[in-house]
Amino acid sequence: MGNLISMAASEGSRLAMIGISNSIDLMQQLVRPGAVLHRYNMKPRNIVFPTYLRDQVSRLVQERLDTLPGPVFDKRAVEFCARKIANATGDMRRALEAASVAVDNAVREAKKSGNEEISESASRLVSMRHMAEALNKVSVGIGSSNEHVCTIKKLPVPQQLIMCTVSAMVGENLRARGLK
């Protein structure tokens with residue numbers, strides 16, 4: 001990596017480096033004293049792309065679903081996904097991942113019930129429940145249904161206290177860096 005950066009920083013170089021990150025403070029980390037870009041006296045341009053809004057997420061997911069031969073999702077499930085993703089991250093990849101996990105949940109449930117045949121009835125659509133489970137898994141939601149929370153609750157009380165203390169310390173550190 002250092003070689004690429006030095007080649008890009010060389011005078012007359014035609015090499016352009018483009019990086020994409022979901023981290024808000026990546027640029028601050030790379031240009032801080034002693035960091036890679038600081039050592040080469042590089043001042044990168046930081047372009048922030050806005051997150052997707054609810055209507056955009058809903059429209060894009062629905063466009064993907066319209067290419068299928070028939071209805072797969074309950075329309076309310078798509079809207080629910082769009083609202084949750086737009087309110088949380090606005091990351092379209094998460095919305096598509098949630099849709100994929102919701103389909104897997106619906107298929108798994110159909111196989112458990114012994115009805116592996118594809119039916120065109122509304123009961124075979126990916127429902128709100130399937131989407132809620134998928135969003136919880138994809139977005140690592142908080143609450144008693146989150147597998148991480150369940151794992152922590154299974155720990156002995158002293159270990160739970162340690163985990164809470166560490167979480168509080170990490171949270172304070174993130175707030176000091178301007179993150180939620």
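Patches are made of residues with over 30% relative accessible area and no salt bridge, with like charges joined within 9 Å and nonpolar side chains (Val, Leu, Ile, Met, Phe, Trp, Tyr) joined within 5 Å; a salt bridge is a side-chain nitrogen of Lys or Arg within 4 Å of a carboxyl oxygen of Asp or Glu. The structure is a predicted model, in which local features need pLDDT of at least 70 and side-chain atom pairs count only at pLDDT 80 or more, while totals for chains, interfaces and linings use all residues. Residues are numbered from 1 along each chain as its sequence is written, and side-chain values use heavy atoms, with hydrogens and water left out.

The protein contains 9 helices and 0 strands, assigned as DSSP runs numbered from the N terminus (helices H or I, at least four residues; strands E, at least two). Of its 180 residues, 21% are buried, that is, under 20% relative accessible area, against over 50% for exposed and in between for partly exposed (1.4 Å probe, protein chains only).

On the surface, Leu 4, Met 7, Leu 15 and Met 17 form a nonpolar patch that offers about 350 Å² of accessible area together, areas being obtained by the Shrake-Rupley method with a 1.4 Å probe, and for residues only the protein chains shown counting as cover. Leu 15 lies in the loop between helix H1 (2–9) and helix H2 (26–31) and is partly exposed, at a relative accessible area of 34%.

The mean pLDDT (the predictor's confidence in each residue, from 0 to 100) is 80, and 82% of residues reach 70 or more. Over residues 118–122, by comparison, pLDDT is below 50, and beyond near neighbours in sequence this stretch has 1 contact in the model, a contact being heavy atoms within 4.5 Å.
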